[in-house]
Every structure is written in C-alpha cells, then in structure tokens.
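Me: Could you take a close look with me at one part of this protein, the aromatic pairs, and then walk outward to what surrounds them? I work at the bench, so a connected account would suit me better than a list.

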Amino acid sequence: MSLQYQHNFGFSSGHAVPQTSFLGSSKTCSFGSPKASTGEHFYQLVKNDAQANFAGVPGTAPVVYNPVRPKKPKTNFKYTLDETSGKLTARQREFYEENGFLVIPNLVSEDLIDEFKQRFLDIVNKKVDTGNIVLMKDLSLKDKKGLPNERIYNKIQDFVWDEVLSKYICLPEVLDYVQCFTGKDIKAVHSMLINKPPDAGTKTSRHPLHQDLHYFPFRPADRIVAAWTAMEHIDDSNGCLVVQPGTHKGVLEQHDYPEWENGCNKMYHGIRGAENNPRVHLHMEKGDTVFFHPLIIHGSGTNISPNFRKAISCHYSTSHLEYIDVKGTTQENIAKEVEQIAQRRGVQMDFVDLWEFRSRDVRGVKAHL
C-alpha cells in the first residue's frame, strides 16, 4: 500500500488500514461476497498495531475481522422475529444478533437500479414533478455556478409516493427481508437516494459516525431496520459504508456536529470518539443490500474517485410504532434543527408530525386501509 493511497484513504488525510489488506497472517473478509454476506460465518476481531483514522481523527481500533464458527447455535433472538423470519437461515439470524447488520448480495436487479438512477437525474434536472421530495446540496458546492445538477445535489429524500422510486420501498424482495426485523406490518419511515460526489478537496462528501436512531422520534428501536442498496460497485475509494459490529447492543449516544476544518453537511451529526471502536468496511456490488439496526454506529468515507457513488435506502419500522417526546433528551438538538429547516421552507410542523408526514405503510393491515 503506497503512502499516497494511505493519505487519500476514504475517511481522512491520515493513515488508515483498508479492509482488504493483510495484517500478519489474517486476511479481512469481503462482506460483498455470497459466502460471507449470507451470514454463514461470524467475524472475530484480530488485534493489530496499526492506528485507524476516521475522518482525520486518530483512533486505536482494530479494523480486521477473521471468520470463525459460533460455539453453539442460538435459540433465543431479540432482533429478528420467529414468526416472520422464514427468509433468514439460523446462521443469518445469529450473525445479525451478534453484529447488527447483514448483507444480502444481488437482491435488487440491475435494470431496476438503472431506472432509479435515471429518475434521480430527471428529478435533480427538474424534468419531472418533484412533489414533496427534498433535494439536498453538498456544502462545498451550494454556491457554485455552472455545475451540472448531478454534481450539486448529494441526496434526495422523502420519495415514498414517487411513481418510480417508490418501487424500491415497496419491492417484495426487500420487504420479505424487512419483515424479519419489523414484523408483518411494515411502515416506510425514511427514504433516501444518496449521490456521494467526487470530493472537492474539502472532505464534505464523508458522513460522520452516527446512529440512525438519533433522528427518529419513535420506538421500539428493535423493530426498526434500514435497507441500503448499492447502485454500483462500492469500496474504500468511493466512500463505502463502515459499520461497527455489535454497537447495536448499546445505547443511543450524544450526537453533535463534528469539528471538521471545512465544516459538515446539514444534519450530518456524529458521535465524538466513536472512531476508537472496531469497524468493518462494506465493499458491495451493484444490487447488494445491507440491512442494519438503528443503533449500530456507522458512517461513510470520502469519495476520492472521479465518479459519483450512488446508493438507495429506506428505513422501515413496524406499523405499530410509538412516537416519543424527545424534549430533554439527546435528540432534542436534531428535533429543533429539523423543525427550523422545515419552517424556512414554509412548513409549520413539529418533529413528530414531520416524521408522520414523510412515512407510508407498505405491507400489512394498515397498508390496505
């Protein structure tokens, strides 16, 4: 690994160890490969002496995993449901129970992904009615003139009713896995298509380590799951997802804006100090889909490639969720920020109402009302 590559590696300008490298006799595992990503193996930390950086913050976490067999089969599951988990093998359920994420390869067809990509381009180029879809700009490019819209917009969200993109959130192949985590009555609560642009040299294309539950004023957490599908080959060079296995068993941490030199995109809150936790880099192919728990700590690195890195995702919950009051909790800061942004766009709603407005029941009793 060259010094130049180390300096440009996904997350930071410092040294880091890519998840595909060898350390001693241990080789890291690709979670994009069928054998590993179907959950037939567990992954055990292998200690190494390399310091792992995340977004320029030195860390001490080992980043290499070695496959091992579980000592005994697990019979009691907390994070998947017996009555709706027929799609998962016992090993897959054990893997998610232990790690908080599970990659299913080749789940979404390439033709459908190409259709989503074209719809994204049509939306950002204003060729179709955007409805209530929110278009978000990269911080470093928001005041630039003369750039193509694909370069400026790094994300669109809230497309649960779009005639094309809603095909993803309602896709039977995805929902058959989602119900393993949420139960048979499913609500789509947050939809996104992420267009991570080639970084402009400011590293604003990265996403700090965070927990998705920070943004959600509803529970129970164990009946919420994200589905995140790669729309092309994704690795360290274009800003792959990074997850910290087992952190879904913890608590919701304090989130704030990271103190990065060139700032951070709006609502990109993170957990300070999380870079010291063990992590896995998810290298994925087009159509591969990772399902993960809302408490697992995760993020993504800088896109140092010359190309865009696209992914489509949706968070789902049980339709029988319960909304909570986040006042006085660690979530109060994001609630106030979301309400203020909505007000600037002419929308007068509180945090809970905004989440109810952007959601849609997609399977089960309420989906047919």
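Reply: Happy to. The model here is a predicted one, and it contains 9 aromatic pairs. Let's begin with Phe181 and Phe291: their ring centres are 6.0 Å apart and their planes meet at 25°, so this pair is stacked. The angle matters here because planes under 30 degrees apart count as stacked. The two partners come from distant parts of the chain, with Phe181 in helix H7 (residues 172–182) and Phe291 in strand S16, 110 residues apart. Both Phe181 and Phe291 are buried.

Now compare that with another pair, Phe218 and Trp355. Their ring centres are 5.9 Å apart, but the planes stand at 75°, so this pair is edge-to-face. Phe218 belongs to strand S12 (residues 218–219) and Trp355 to helix H9 (residues 351–357), so the pair ties together parts 137 residues apart in sequence. Phe218 has a relative accessibility of 1% and therefore counts as buried. Trp355 is buried as well, with a relative accessible area of 4%. Trp355 has a charged partner too: the charged end of Arg358 sits over its ring, 4.1 Å from the centre. A similar arrangement involves Arg93, which lies over the face of Phe77 at 4.0 Å from the ring centre.

Back to the stacked pair. Phe181 and Phe291 form one aromatic cluster together with Tyr96 and Tyr177. Helix H7, where Phe181 sits, is mostly covered, with 8 of its 11 residues buried. The buried residues of H7 include Val174, Leu175, Tyr177, Val178 and Phe181. Gln179, Cys180 and Thr182 are also among the buried residues of this helix. Just after H7 comes Gly183, which takes a positive phi of about 100°.

On the other side of the stacked pair is strand S16, which spans residues 289–292 and includes Thr289. Thr289 has 0% relative accessibility, so this residue counts as buried. Its side chain still has a polar partner: a polar contact of 2.7 Å joins it to the side chain of Thr229. Setting aside neighbours within four places in sequence, Thr289 is in contact with residues that include Leu102, Val103, Ile104, Leu107 and Val108. Tyr168, Ala227, Trp228, Thr229 and Met284 are also among its contacts.

Some of these names return when we turn to the nonpolar interior. In soluble globular proteins, nonpolar side chains tend to be buried together. Here the largest nonpolar core has 62 residues, and Ile156, Val174, Trp228, Phe291 and Tyr316 are those with the most contacts inside it. Helix H4 (residues 110–124) supplies the largest share of this core, with 7 residues. There is also a second, separate core of 18 residues, which includes Phe216, Ile224, Leu252 and Leu354. So Phe291 links several parts of our story, as a member of the stacked pair and as one of the residues with the most contacts inside the largest core.

You may also be wondering about the cysteines. The disulfide count is 0. Cys170 is in no disulfide, and the nearest cysteine sulfur, that of Cys314, is 8.6 Å away. From the side of Cys314, the closest cysteine sulfur is that of Cys170, and 8.6 Å is too far for a bond, because a disulfide needs the two sulfur atoms within 2.5 Å. The two cysteines also sit in contrasting surroundings: Cys170 has 27% relative accessibility and so counts as partly exposed, whereas Cys314, at 0%, counts as buried.

For a view from the outside, try Pro306. This proline is in the loop between strand S17 (298–300) and strand S18 (309–318), and its relative accessible area of 70% makes it exposed. Its C-alpha atom is separated by 8.4 Å from that of Pro197, although the two prolines are 109 residues apart along the chain.

Finally, step back to the whole protein chain. The chain has 9 helices and 20 strands, and buried residues make up 60% of its 369 residues. Among contacts with a separation of 6 or more, 80% are between residues 24 or more positions apart. The two aromatic pairs we began with are good places to look for such long-range links, with partners 110 residues apart in the stacked pair and 137 residues apart in the edge-to-face pair.

Technical notes
Residues are numbered from 1 along each chain as its sequence is written. Side-chain values use heavy atoms; hydrogens and water are left out. Helices (H or I, at least four residues) and strands (E, at least two) are DSSP runs, numbered from the N terminus. Buried means under 20% relative accessible area, exposed over 50%, partly exposed in between (1.4 Å probe, protein chains only). A polar contact is a pair of N or O atoms within 3.5 Å; within protein, one must be able to donate a hydrogen and the other to accept it, and residues adjacent in sequence count only if both atoms are side-chain atoms. Contact means heavy atoms within 4.5 Å. Rings of Phe, Tyr and Trp (its six-membered ring) pair if their centres lie within 6.5 Å; planes under 30 degrees apart count as stacked, over 60 as edge-to-face and the rest as tilted. A charge sits over a ring if NZ of Lys or CZ of Arg is within 6 Å of the ring centre and within 35 degrees of the ring normal. A nonpolar core is a set of buried Ala, Val, Leu, Ile, Met, Phe, Trp, Tyr and Cys residues joined through side-chain atoms within 4.5 Å.
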